[in-house]
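Here are some notes to read with the model open beside you. They run from enclosed spaces to aromatic contacts and then to one helix.

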Amino acid sequence: MTTREGQFSRLVMAAEPRPFWLDQPGAPPAREPLRGATAADLVVIGGGFTGLWTALLAKESDPERSVVLVEGHRVGWAASGRNGGFCDASLTHGAVNGRKRFPAEFATLQRLGAENLDAIQIALDRHGIDCDFERTGSIAVATQEYQVDGLRAADGTFLDTDAVRAEVNSPTYLAGVWDKQGTAMVQPARLAWGLAAACERLGVRIFEGAPATGLADDGDGVTVRTRDGVLRAAQVALATSAFPALVRRLRPYIVPVYDYVLVTEPLSAAQRAGIGWRNRQGIADSGNQFHYYRLTADDRILWGGYDAIYHFGRGIRRAYDQRPATFATLAAQFFATFPQLEGIGFSHRWGGVIDTCSRFCAFFGTAHRGRVAYALGFTGLGVGASRFGARVMLDLLGGEPTELTRLRLVRTKPVPFPPEPLAYLGIQATRWSLARADRRDGRRNLWLRALDAAGLGFDS
Ligand SMILES: Cc1cc2nc3c(=O)[nH]c(=O)nc-3n(C[C@H](O)[C@H](O)[C@H](O)COP(=O)(O)OP(=O)(O)OC[C@H]3O[C@@H](n4cnc5c(N)ncnc54)[C@H](O)[C@@H]3O)c2cc1C
């Protein structure tokens with residue numbers, strides 16, 4: 001290890017090893033687990049954004065419907081409380097992916113995504129949820145010459161080198177595209193806590209520390225077993241993201257992938273002036289292994305992405321939330337992007353698990369004779385799309401065709417991942433190839449081209 005690498009390692013290891021967002025005031029006290037037997041018209045499994053929006057929208061559309069949400073740990077503790085807080089209009093993990101996979105309905109998906117983001121903003125106002133929602137838009141930046149043409153073709157305001165550096169001052173930027181409408185910044189933990197409180201005000205019963213362990217058909221309903229209790233449900237919504245799906249046949253469609261984040265100390269007035277960023281946009285660079293970064297309400301920089309780590313056998317463990325080598329890499333890349341911030345420290349470091357599927361955007365369906373609906377596979381862009389996923393699940397449970405259930409996006413599934421050891425080997429080969437393409441002006445090797453042709457991919 002060089003002196004410089006050692007310096008980055010020491011710097012990141014001084015940070016608190018937990019998500020900044022969840023480490024803020026305003027966390028609700030723990031809720032009781034479910035004990036004994038109870039019944040509900042709708043049982044939602046999973047207390048992240050997907051489950052919380054499902055419970056909230058179900059109650060809003062039918063206040064008489066009894067709704068129970070069971071969360072295995074704490075509401076918002078998983079991806080929903082530890083993400084970058086980019087609340088994006090895209091339902092397809094970005095326009096390039098959406099246009100490629102759903103050309104015939106891409107315009108409809110873009111419209112539905114824009115409506116979804118507007119509806120989130122309206123719901124926050126209606127329910128008085130204060131989550132630092134800022135409709136700043138986002139800038140995609142090019143840091144290598146070959147990326148510039150791609151940005152010229154993208155939707156939004158093209159910024160040449162001077163214009164992009166006038167927005168945010170990094171010597172690495174060659175160009176940018178500012179999409180002014182399509183992204184809002186949020187404090188995600190406060191969004192999850194606020195949604196849960198809104199659900200409870202409408203009468204949803206939420207149980208925490210209540211992992212669901214099994215589903216069984218039960219005459220005209222479904223029995224949901226939890227660790228300490230049992231629920232009789234007319235209908236169930238599965239919102240369990242990267243965690244093992246209770247409907248076993250869905251497991252091959254998802255791999256849990258770890259993504260990592262650093263947060264700096266608050267910037268001083270001089271540091272803030274040195275980088276500009278007056279319009280506070282979210283920023284993402286354009287490599288396969290990309291970074292995403294943004295300002296927090298108290299002017300720290302959240303800096304995440306790059307490594308996407310898969311553990312053999314679909315492993316999910318608390319220990320994987322920390323990865324010193326990735327944090328040191330992220331710190332080095334941070335200072336290469338903002339050399340004028342040399343000397344600033346990091347206050348928090350963490351990782352979290354993403355429900356990656358091979359088409360990078362959620363898939364949907366029903367099981368148990370239409371009584372169980374699921375929305376899984378948001379692949380790193382689910383903060384906004386989770387509300388759309390909730391609407392799809394409620395429409396599927398409604399049983400009548402709707403605009404959403406007719407979408408190809410909703411009717412089709414991604415290509416499943418193969419069993420081990422092929423999944424692990426394939427993902428490692430793909431990661432290696434993507435890193436190599438980033439070093440070679442984006443040129444994709446034979447392996448990546450074969451995956452492209454088969455509609456398969458790996459992303460975060
Ligand atoms: C580090 C990181 C950065 C990210 N950045 C962004 C970003 O900037 N923008 C963006 O759009 N997306 C981002 N994402 C992705 C985004 O956070 C997710 O797509 C979104 O939060 C998914 O919400 P969810 O409710 O489906 O999943 P989760 O938030 O993971 O919630 C699933 C919940 O289900 C519970 N559960 C699982 N199994 C059971 C069971 N059997 N019984 C009971 N409960 C169960 C879990 O405990 C968990 O609370 C990021 C993710 C990570 C990890």
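Which residues line the second largest cavity? They are Leu91, Cys361, Ala362, Phe364, Phe378, Ala385, Phe388 and Leu409.

1. Ground rules. This is a predicted model, in which local features need pLDDT of at least 70 and side-chain atom pairs count only at pLDDT 80 or more, while totals for chains, interfaces and linings use all residues. Residues are numbered from 1 along each chain as its sequence is written, and side-chain values use heavy atoms, with hydrogens and water left out.

2. Cavities. On a 1 Å grid over the protein atoms alone, a cavity is a set of points where a 1.4 Å probe fits but cannot get out, and lining residues have an atom within 4 Å of a point. Volume is the space filled by probe spheres set on the points, with points joined across faces, edges and corners. The count comes to two cavities of 30 Å³ or more. About 30 Å³ of space lies in the second largest cavity, whose lining has eight nonpolar, no polar and no charged residues. (Nonpolar here covers Ala, Val, Leu, Ile, Met, Phe, Trp, Tyr, Cys and Pro; charged covers Asp, Glu, Lys and Arg; the others, Gly among them, are polar.) The largest cavity has a volume of about 40 Å³, and its lining divides into seven nonpolar, three polar and no charged residues. Among the residues around the largest cavity are Ser90, Thr92, His93 and Phe360.

3. The second largest pocket. A pocket is an open set of grid points with protein on both sides within 12 Å along at least five of seven lines. The second largest one has a volume of about 340 Å³. Of its 17 lining residues, Thr143, Asp285, Gln289, His291 and Tyr306 are the closest to its centre. By class, the lining has four nonpolar, 10 polar and three charged residues. Strand E14 (291–295), helix H9 (324–337) and helix H12 (422–439) each supply at least two of them. (Helices, H or I with at least four residues, and strands, E with at least two, are DSSP runs numbered from the N terminus.)

4. Aromatic pairs. Rings of Phe, Tyr and Trp (its six-membered ring) pair if their centres lie within 6.5 Å; planes under 30 degrees apart are stacked, over 60 edge-to-face, and the rest tilted. By this rule there are 22 aromatic pairs. Tyr258 and Tyr320 make an edge-to-face pair, 5.6 Å centre to centre with 85 degrees between the planes. Tyr258 sits in strand E12 (residues 255–264) and Tyr320 in the loop between strand E16 (309–310) and H9, so the pair ties together parts 62 residues apart in sequence. Both Tyr258 and Tyr320 are buried (under 20% relative accessible area with a 1.4 Å probe, protein chains only; exposed is over 50%, partly exposed in between).

5. An aromatic cluster. Phe8, Trp277, Tyr293, Trp303, Phe334, Phe335, Phe338 and Phe346 form one aromatic cluster. Within this list, Phe334 is buried, with a relative accessible area of 0%, and Phe346 counts as buried at 4%.

6. Helix H4. The 22 residues of H4 (residues 106–127) should span 32 Å at 1.5 Å a residue (times one less than the number of residues), and the end C-alpha atoms are 31 Å apart, which agrees. Its buried residues include Phe106, Leu109, Leu117 and His127. The face turned away from the buried side carries the exposed residues Ala107, Asp125 and Arg126. After H4 comes Gly128, whose phi is positive, near 60 degrees.
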